[in-house]
Amino acid sequence: MGILEVKNVGKRFGGLQALGDVNLSVKENTVHAIIGPNGAGKSTLLNCLVGKLIPDTGSVMFDGQSVLGRAPYEINQMGISRVFQTPEIFGDLTVMENMLIPCFAKRDGAFELNAIGSVSGQKDVLEKAEAMLVDMNMADKRHMHAAAMSRGDKRRLEIGMCLSQEPRLLLLDEPTAGMARADTNNTIDLLKQIKEERDITIAIIEHDMHVVFSLADRITVLAQGTPLVEDDPQNIKGNPKVREAYLGESA
Amino acid sequence: MFGLDKKDTTLLIIVACLALFAPFILNPFPTGSAMAQFNAGYPDLMQRFVIFGIFAIGFNILFGLTGYLSFGHAAFLGVGSYSAVWMFKLVGMNVIPAIVLSVIVAGLFAVVIGFVSLRRSGIYFSILTLAFAQMSFNLAYSVLTPITNGETGLQLTLDDPRVLGVSQTADGSIPVTSLFGLEMRSTYEMVVGPWAFQFNVGYYLCALIMLVSFYLAVRIFRSPFGMMLRAVKSNQQRMNYTGLNTRPYTLAAFVISGMYAGLAGGLMASMDPLAGAERMQWTASGEVVLMTILGGAGTLIGPVVGAGFIKYFENIFSKINDTVLHQWFAFMPDGVEDFMVFVVHPFIGKGWHLTLGILFMLVVIFLPGGLVEGGQKVKNWIKGRGKSEDSKSGKTEPAE
Amino acid sequence: MDAILLQILNGLDKGSAYALIALGLTLIFGTLGVVNFAHGALFMIGAFCAVTVQRILNLSFETIDETKTDFLGNPAKVKTAYVESWFGPETGAAIIDWSVPLAILFAIPVMLFIGYVMERGLIKHFYKRPHADQILVTFGLAIVLQEVVKYFYGANPIPTGAPDVFKGSFDFGVMLGFDPNAIIYPYWRLVYFAFSALIIGGVFAFLQFTTFGMVVRAGMADRETVGLLGINIDRRFTIMFGVAAAVAGLAGVMYAPINSPNYHMGMDFLVLSFVVVVVGGMGSLPGAVLAGFLLGVLESFASMNEVKSIIPGIDQIIIYVVAIIILLTRPRGLMGRKGVMED
Amino acid sequence: YTNEPTGGTVTLGFNVPQTGPYADEGADELRAYELAVEHLNGGGDGGMMNTFSSKALQGNGILGKKVEFVTGDTQTKSDAARASAKSMIEKDGAVMITGGSSSGVAIAVQGLCQEAGVIFMAGLTHSNDTTGKDKKANGFRHFFNGYMSGAALAPVLKNLYGTDRNAYHLTADYTWGWTQEESIAAATEALGWNTVNKVRTPLAATDFSSYIAPVLNSGADVLVLNHYGGNMVNSLTNAVQFGLREKIVNGKQFEIVVPLYSRLMAKGAGENVKGIHGSTNWHWSLQDDASKAFVKSFGTKYGFPPSQAAHTVYCQTLLYADAAERAGTFNPCGIVEALEGYEFDGLGNGKTLYRAEDHQCFKDVLVVRGKENPTSEFDLLEVVEVTPASQVTYAPDHPMFAGGALGTCNSGA
Amino acid sequence: MNVKPDFSKNANQATTAPAFLSVWDLHAYYGESYIVQGISFNVHEGEILALLGRNGAGKTSTLRSIARLGDPQVKHGEIWLDHQPLHNMASHEAATVGLGLVPEDRRIIPGLTVEENLQLAQIAPPIGWSIERLYDLFPRLGERRKQEGITLSGGEQQMLAIARALARDIKVLLLDEPYEGLAPVIVDEIEKTLIHIKEQGMTTVIVEQNAVRALELADRAVILDTGGIVFDGAAAEVLENEELRAEYLAI
Ligand SMILES: Nc1ncnc2c1ncn2[C@@H]1O[C@H](COP(=O)(O)OP(=O)(O)OP(=O)(O)O)[C@@H](O)[C@H]1O
Ligand SMILES: Nc1ncnc2c1ncn2[C@@H]1O[C@H](COP(=O)(O)OP(=O)(O)OP(=O)(O)O)[C@@H](O)[C@H]1O
Ligand SMILES: [Mg+2]
Ligand SMILES: [Mg+2]
């Protein structure tokens, strides 16, 4: 039994069957990559996991509990964090504040009316956020407005924000897209390190095969809304179906 | 001090000094001089400054932090006033229970309206709040007359039942509001040479409450809750996917600001025991929106400045008439005098709206971010001329 | 039965006024995303175009008539309009009589010009500014426009009649087989209804059958990208603003005979028109028109004594009650588009 | 006592609507106030000071003190009006406040003046409540009221339209409207008229079509519009648009009545007022010496005749000054004593009494009609009947005025 | 601190092959922050130039400056395209004289369908490829022509953005990270498209984090670092120069 069990999930948009009949099982403490052509339904699948979309059919179980019908914040509180394909951060807030918010959410839950205590008085949260900034190599940008950062930086910030929640399942939708090579490598290292240090399961969508093959323990290839194959990385590379549908000749 | 950092403490102390010495500061011109028209240091207006200051501070907690623009906040002020006057009519003339009740009732009202309205965001939210407030206003003006006394407004009468006190005083008049016997209207007048300064009990009570409200607002701004509210404004989607439920946050902000409005309403009734339906009209809601934007939404002190600005115009400029103008320009030759009066005439007295409208436009065009940010820019500019340009970093910090 | 029919008719007519005003507003507010608190003022200026034309046509020279006296007992001055002396009393009087329809010709260029100046001189700088700033600046402008009108025309309503041929009312009841007088309707209101339909249709056609609407919608969503595609979006916004101002103005001109114009009539309609636009749904022209008619008809029904006796005061709040119900059941009003002014 | 004048001047506070729908009326009131001050200080031609039956005023100010004044804007809102009145009392040291263009505002300011210990001379306020349930010892009204409108109109309506009529009331949905509706209905029912329906219209209404449209079908043959200001202009315009006046119902010509008329508002309704009856406090075409003197004085200064609002507030100012002279003090209690039960003549409405019980004045009331062939832009109304004071007088405990208490005068000491 | 660009070399080249797009001493600011710090480079007709550098180096800012978008504000410098002074133009004017930019984040216009997004590009003359021809190039778009543009998958959006640029008759195509988020097969396809349009004479500037692919495609490369040019030369040279690659591209 995996920590995440997706059974027979289907989702239609008007005339388009975006997800056909998806079955997926992600084992605890592994990195599971989902790859596939553009428009295969990878992001849609993720949306079904975090409560952004409700699938038409099927079930999604996380750690033995169904996530369907729960609000996004409840799902997050169950331990699922997500990084979006286009960065979703608090543009008007500083980088430090961006990092503080998930730390508060982790400590205090979905709602906490601490209207009198000052932020600067919350030492534990501050330290944690600070440590995360250092980890993400962004400590020098602490006071910058998040909106003014370059896009690669925004994405790293978002990853940092999700990590600081110490999720049990981290969903990454193309985390290194648009990231410079150096930072991509850093991110790979970071994710590897996290995987070793913490009890964390990662599901990652990526088009950068370098990233996929450096990290993944298991790969599912999705095409036109249905899983094409699921296998170990070395087998995927050689699979002719995958080559044709996705990798192309240059891989 | 008080759990605030240095900058905020300084700000609080400045505000406290301004409030404490307002009778002096607002009365810079000797009584009887031509410029005395511009004096604002009399009890009623000073009370209004701080009461509307409270109203705007509260509004800013909702609007400035979460970005939810309520167009019906006057309803809470009105409800607060009605509760307070009923308290005076039925219970007693002490202001404390009246104020407490007005805050509670406004808070309950805000829970209901907020719960419904916050199901929508953006302009849809604004129109929902507007609709609730207009309903309250229209009903208060007509159908609810037994409770609100309609057009005339709820006033004290000689035969109010008042359980803790008398219906009328020995000399047959209506008793006045007081704080444990300290009459709100009692005023000490200090005459210094040609100046006359008025120290009014009611004003100082209001000022004190305003300071407490302001202090609380500063605390809220700097608290984790305040940061969450700013996060709501910035990106609700991210909030949700970070495990935070935005609804209770926005509702809490809504109720807090509704209670501030109720407090303002209760104070208004305590200073002058009358509650009229117009207090709930959309124009009144619009006024607090304008105060907040004019001063600087999302800044701490801005709303208070904006409130003072608008109330000053309403009360001072509307009272200048041609006779006063002639006095001002009396030193000029007759022709020039008449010409000056002719030129200035459209902007004062019955034209005070025109002046206000023009100033709104000028402020928002030339001082984006409101008066406070404009003031900061001027300060920076003056500073910047002393030093050389050293603000190269793209770092911008939220203004006070 | 006839009472209900009567109120439907009434509501449709009321609704046509709401729809027309809301149409102008939704072009600016729902489409350009500018919260235009000066819209009511534009409507008011339209009505005052009618007043002005009437005044111009009534420009007179004075002669002293020794046989009459004025209120102080001095010889009275008698006024004769220039038009009457130029075209002869009869033609002259006829021209004056038709001053409201003539005002349409006058109002179109005036309103286009006002819209142009307003957009280029002011609104242009506010597209990217927060809505709050837009509210403040347009509210300031509305006050200024109002006060200027008040300065020249006073605060009292100014009677501005429709041409004589449109006076009186039409008896629908007889036509439909009811008693005479059961359902009557003033001619001018019928004209107003037809005129609204015409303008609404015209604006729809303009936006539907040209790419203009699409470009403006795109420009509102993302000005920068539209610019990258070689489109001068500023110019189109200006045109849009001019059209909206003209629509508001024409609504005002035609409204003048229904209720005597006064300087604050715009503010009276402002809240209502915002409610109509939002209930219709942001960014939707058909939505605004539909909401206008819907609220008009419901308001008429609520004013019936039979209804009021069940729910006292319902006519005072019906619009707001309906607005709340619609906004709670349909997240974006009747036909609103996603993402327009939702944050 | 509050604001006792100590120097060589005395300050009066003129609190009128300078913005909002009644701004023109307020402006006319201000003109009259300025004229009154001029006359009190010995300037101009003296106006009605020459015809006033009391000769206490010398033209040397009041009690030898030069009269000065401050002005403020009520915005026709109770809150704003009270703020403005307070600033006059607290900042400018006014001993008397006067003005107003609506009953709500008048009652609110009257209450304030009572508490603050200054005199309030109400301007234009027509609600029964001002001197009914909301009466105050420090307040006086020189205007007539809803009851008096009904009492004055009824006999005229009887002569014109007979005793067998069915009336339909449209009423502004707030206190003033209700009291007027009650008064008129009572007066017409006493004639034998039948009241078919009483419909309340929202204050904010601008278009009355949905209220007018059902009138014809209700069997009514008279429409009574209990509206004032902009409401009146619009409802009357709408009614005429619907062609009501051309209709024959129950075999009779359909008629419209506007119980409270004012010339300024009649102007707003334009041609629609022609032939429509109503009542008014005063009109410039009155031919008594006092009215003529006032019209001459006002007309010479401003170039057009005064409105009833202007007349009312001019009288108020003179009456206050006169009372102070007679009492020999500005002390509000002295003034109240001097005005209570005071009877005078020569201010344009014939013999007038300020009744002690409720501080309401009793004087002749005019019934007017919209003029068919106006000779000038001011000549809109013609006086049909001057109803003598005796006919409009009622007992102080009349049920329409019941409740509330005058209380005692407050000098603020 | 920024290395002065090797101008003489460009100038020499310019005498042999006149620059088609020429950027000279460009300085641009976001409000107070000084981002593009004096950049000069030339692009010749028909060539592909790769503009590379780390996250936050100023690549996007440079492209935006060239496209005359309001932010960042160009305070000094000249930009010439085919003898037309772009620096005096607004963005829509620059577009009408032949500049096409595919912005980062794709900037698909919300509320418009795929087809409307394309139609929008063909309102102002000059008009380029016909919509049908674009559908031939990107069949996925043809299938989704009535779908709202922003609901496309990330890759499909990228295709739409490129198609939209080609729908106009442009002289120079600026691409800001065109491969981001695309499946390897699609990257191959787009690369082919770029070669195809290059053959037809299109001049292209490409900003890309996938530096190797960009360099393989490009004729020349310019490397940016903190707002200044650190390298300007043949693409092949970068691929050979270990030091350069390691220091600025981390490859
Ligand atoms: N809200 C929607 N309405 C209609 N169609 C949609 C919607 N969201 C997604 N789709 C369609 O569903 C399909 C799957 O989209 P999805 O975003 O899941 O793809 P993806 O696998 O993440 O692709 P990429 O790698 O390009 O991001 C696409 O064809 C897309 O156009
Ligand atoms: N709107 C803005 N306001 C202020 N600074 C900005 C803004 N946009 C970008 N910057 C700053 O300008 C610098 C250059 O950004 P730019 O987007 O041009 O980099 P880039 O080279 O395209 O990076 P990436 O590869 O991450 O897209 C960055 O340091 C960034 O923080
Ligand atoms: Mg995707
Ligand atoms: Mg970039």
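Colleague: Let's start with the surface of chain C. What percentage of the area it exposes do carbon and sulfur atoms supply?
Modeller: Chain C exposes about 12600 Å². Accessible areas come from the Shrake-Rupley method with a 1.4 Å probe, and for residues only the protein chains shown count as cover. The share that carbon and sulfur atoms supply is 67%.

Colleague: Before we go on, what kind of model is this?
Modeller: Residues are numbered from 1 along each chain as its sequence is written, while chains are lettered from A and ligands numbered from 1 in the order in which they are written. Side-chain values use heavy atoms and leave out hydrogens and water; local features need pLDDT of at least 70, side-chain atom pairs count only at pLDDT 80 or more, totals for chains, interfaces and linings use all residues, and the whole is a predicted model.

Colleague: Thanks! What is the radius of gyration of chain C?
Modeller: The radius is taken over C-alpha atoms, and the globule rule is 2.2 Å times the number of residues to the power 0.38. A compact globule of 343 residues would come out near 20 Å, and the value for chain C agrees with that: 22 Å.

Colleague: What percentage of chain C is buried?
Modeller: A residue is buried under 20% relative accessible area, exposed over 50% and partly exposed in between (1.4 Å probe, protein chains only). Chain C has 343 residues. The buried ones make up 62%.

Colleague: How many strands does chain C have?
Modeller: Helices (H or I, at least four residues) and strands (E, at least two) are DSSP runs, numbered from the N terminus. Chain C has 14 helices, and its strands number four.

Colleague: UniProt lists transmembrane regions for chain C. What percentage of residues 310-328 is helix?
Modeller: This unreviewed entry lists several regions, including 42-61 and 310-328; positions follow the numbering used here, feature names are shortened, and annotations may be inferred rather than shown by experiment. In residues 42-61 of chain C, the end C-alpha atoms lie 32 Å apart and the span is 80% helix and 10% strand. In residues 310-328 of chain C, the ends lie 24 Å apart, strand takes up 0%, and helix takes up 84%.

Colleague: On to chain D. Is D:Val67 buried or exposed?
Modeller: D:Val67 sits in strand β2 (residues 66-73) of chain D. Not counting residues up to four places away in sequence, it touches several residues, among them D:Val10, D:Leu12 and D:Val37, where contact means heavy atoms within 4.5 Å. With a relative accessible area of 2%, D:Val67 is buried.

Colleague: Which strands stand at the edges of the five-stranded sheet in chain D?
Modeller: Two strands pair if DSSP finds at least two bridges between them. This open sheet has parallel pairing and the order β2-β1-β3-β4-β5 (chain D). Each edge strand has a single partner, so one side is left without a neighbour in the sheet; those strands are β2 and β5 (139-141) of chain D.

Colleague: And which residue is the bridge partner of D:Ile97 in β4(D)?
Modeller: Strand β3 (residues 96-99) and strand β4 (residues 119-122) of chain D pair in the parallel sense over four bridges. In β4(D), D:Ile97 has as its bridge partner D:Phe120.

Colleague: Now chain E. What is its radius of gyration?
Modeller: Chain E has eleven helices and ten strands. The globule rule gives 18 Å for 251 residues, so chain E is as compact as a globular protein of that length, with a radius of gyration of 18 Å.

Colleague: By how many degrees are neighbouring strands of the six-stranded sheet in chain E turned on average?
Modeller: The open sheet runs β6-β7-β8-β3-β9-β10 (chain E), with mixed pairing. Axes are lines fitted to C-alpha atoms, for helices over the stretch in contact, and angles run from 0 to 180 degrees between N-to-C directions. With direction ignored, the average turn between neighbouring strands of this sheet is 15 degrees.

Colleague: Last one: which residue is the bridge partner of E:Ile223 in β10(E)?
Modeller: Strand β9 (residues 220-225) of chain E pairs with β10(E) in the antiparallel sense over six bridges. In β10(E), the bridge partner of E:Ile223 is E:Phe231.
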